[in-house]
Structures are given as structure tokens and as C-alpha cells.
Amino acid sequence: MDPFEVRMQFLGLLRKLNATQLSIQKVVSYALKYFAKCGEDLWECIMEECQKGSINHRINILYFLDSLCETSLLAKAHQPPPPVESSSQAKQASHAFYVDYVARDLAQIVECVVPVGRQGLPNLTSTRQILQNWRTKRVIDPQRIDEVMQMLATRQSQATEPSGSSSTAANKNAEHHLSRGDVVKRMEEDRERHKRLREKRWVQTQAQSSTAPGQGIPYNPYGLASFLPLSDAENADVALDIEFENEWETTSDWNEDDIEVVMEEREVCYPHLRRKRSGASGLTDDDGGEEPMDLS
């Protein structure tokens with residue numbers, strides 16, 4: 001099949017894309033199958049459809065890119081390490097298929113999926129969920145994700161703030177009217193997408209590098225969930241526990257409430273150490289030793 005036929009068939013698949021996993025995986029498989037032959041052309045097709053498609057079709061493309069990135073990283077992880085003596089092959093094997101394209105054009109993709117004005121508000125929440133998922137799993141550099149999230153916050157404030165009558169009329173003319181059927185279809189697709197996104201909200205710790213047998217240089221495979229380290233200064237031989245890091249960032253500092261919880265748990269386990277109800281601060285230590293917990 002020549003590149004023109006590959007491009008036309010891929011465009012046909014993209015235009016029939018919907019929120020079901022069957023449709024998404026069909027396009028993902030096709031894109032990965034012809035990546036080596038015409039990956040750049042297929043990416044141009046994705047960007048073209050993302051720019052001129054409807055507002056509902058653009059969010060479908062973004063969810064397709066989410067699955068495409070995950071599948072690309074899985075395919076990358078299963079590739080054999082390149083030979084040491086071949087620098088060109090090593091450079092070619094260092095790519096992560098379409099993930100590099102997504103990282104390069106991330107700002108442009110988000111601008112298309114969430115356009116300026118109230119027209120892009122229906123896609124705002126879903127876009128943020130996908131970006132947060134990519135940042136949690138280190139699919140793309142977290143700093144780049146943060147830049148795009150700031151742009152989304154700016155667009156939300158601009159879309160919700162009151163404007164003059166002339167600009168309001170211009171925005172209404174620019175917005176695409178959605179029929180009742182399109183609204184119902186969008187609601188059904190949102191339920192399907194959100195269910196799938198909840199299923200994928202898990203993080204698996206993976207080693208960031210490993211040395212291939214018989215080779216002197218480290219081979220860096222892409223893991224299933226933890227893909228990129230936060231910085232180059234981190235030790236590549238140590239597994240990056242992203243799940244622990246996310247929990248640590250969201251945990252509050254040690255305070256008086258934590259002390260009360262510890263005291264209550266201790267009193268449950270060791271009743272003879274229970275504090276006097278009269279308000280005394282001392283502990284009853286008549287028994288002089290630890291007693292087993294009463295499980296009756």
C-alpha cells in the first residue's frame with residue numbers, strides 16, 4: 001500500500017471515530033502499524049482533523065491520543081535494545097512513537113480541542129482530566145503539562161467573564177449550534193469516556209532503566225505507568241515511585257488531630273493505658289505491664 005492510500009484510509013478511520021474502545025483501538029492499531037512507513041503523514045492527518053472537526057469530534061480525537069500514547073509506550077517497552085555500535089539505530093529507537101509528536105504539539109492540540117470562547121467549555125473538564133492523567137503517569141513532561149493547564153485556566157476565565165453586547169453577538173455567531181441529537185450523543189459518549197478514564201486511574205511503579213545483557217550502556221525502556229523521571233538528576237537505577245510521591249504531596253503536615261488519632265488507637269489496643277476520664281493528664285499504670293486487647 002502506497003503512502004497516499006495509507007493516508008486516505010487513516011482519514012476515513014479518523015472521521016468515523018467515536019467514544020467506544022473498539023473504534024479507538026482500531027485507529028490506534030492502524031496508526032502504529034504504519035508508523036515506520038509514514039508516521040509523520042499520519043500525524044499531520046490527526047492535526048488536520050483536530051483543527052477542522054466538530055467540537056464533539058475533537059474531544060474524541062483527544063481521547064484517541066490518550067490511548068495512542070499508552071499503546072505507543074507499551075510498544076516501546078517491548079522493543080529490543082539497539083546495538084551498541086549503531087548510533088543511528090540507537091537514536092531511532094530512543095523515540096516513543098507518537099508520544100514525541102503529542103509532546104511537541106501539545107499546546108496546539110489543546111487550543112484546537114478547547115477553542116477560545118464558550119464554544120470550548122464542554123471540552124474543558126475532560127481535557128483537564130486527560131492532562132492530569134498524563135502528568136500523574138509522566139507520559140509527558142510535567143512542566144509542559146503545567147504550562148498548558150495555565151492556558152486552560154486563562155481561557156476559562158475569559159469565557160465566563162461578562163462581555164459587551166457586540167462581542168457577545170460575535171461569539172454567538174461564531175459558536176456552532178448543537179442539535180438535540182448531538183447533545184444526547186455527547187452525553188452518552190461522555191459517560192463512556194469517563195468510565196474508561198476512571199478505570200485507567202492507577203499507577204504502577206516501574207524501573208526507569210536497566211542494562212541489557214552483554215552491553216555496557218544502560219537501556220531505558222518506557223514503563224507501563226511511570227514513564228519519565230521528574231528531573232535528569234535523579235538516579236536512573238532507582239525505581240521512581242510516583243504513587244508514593246503523589247500521596248506525599250497531598251498529605252497534610254503532622255498536627256494535633258494526628259496526635260489525637262494516635263492516642264485513640266493506642267487506647268484501643270492497650271486499655272490499661274487509657275487516660276482517666278476525670279481530666280487528669282496522667283496515665284493509669286496500676287497493672288504495670290501491657291495487657292492483650294479485649295476482642296470480646
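1. In this predicted model, a network of salt bridges joins Arg 7, Glu 44 and Glu 48. Within this network, the closest N and O atoms of Arg 7 and Glu 44 are 3.8 Å apart. That pair connects distant parts of the chain, with Arg 7 in helix α1 (residues 3-15) and Glu 44 in helix α3 (residues 35-52), 37 residues apart. Glu 44 has a relative accessible area of 35% and is therefore partly exposed, as the value lies between 20% and 50%.

2. A salt bridge is also formed by the side chains of Arg 15 and Glu 49, at 3.1 Å from N to O. Arg 15 belongs to helix α1 and Glu 49 to helix α3, so this contact ties together parts 34 residues apart in sequence. Glu 49 counts as buried because its relative accessibility, 5%, is under 20%.

3. Asp 146 and Arg 135 form a further salt bridge, with their closest N and O atoms 2.4 Å apart. Asp 146 lies in helix α9 (residues 142-160) and Arg 135 in helix α8, 11 residues apart. Asp 146 is partly exposed at 30% relative accessibility, and Arg 135 is likewise partly exposed at 26%. Over the whole structure, the search finds 7 salt bridges.

4. Helix α8 (residues 124-136) has 13 residues, which at 1.5 Å a residue should span 18 Å; the end C-alpha atoms are 18 Å apart, in agreement with that expectation. Its buried residues are Leu 124, Ser 126, Thr 127, Ile 130, Leu 131, Asn 133 and Trp 134. Just after α8, Arg 138 adopts a positive phi of about 60 degrees.

Technical notes. Residues numbered from 1 in each chain as written. Predicted model: local features only at pLDDT ≥ 70, side-chain atom pairs only at ≥ 80, totals over all residues. Heavy atoms only, no water. Helix = DSSP H or I, 4+ residues; strand = E, 2+ residues; numbered from the N terminus. Expected span 1.5 Å × (residues − 1). Buried < 20%, exposed > 50% of the residue type's maximum accessible area, 1.4 Å probe, protein only. Salt bridge = Lys/Arg side-chain N within 4 Å of Asp/Glu carboxyl O.
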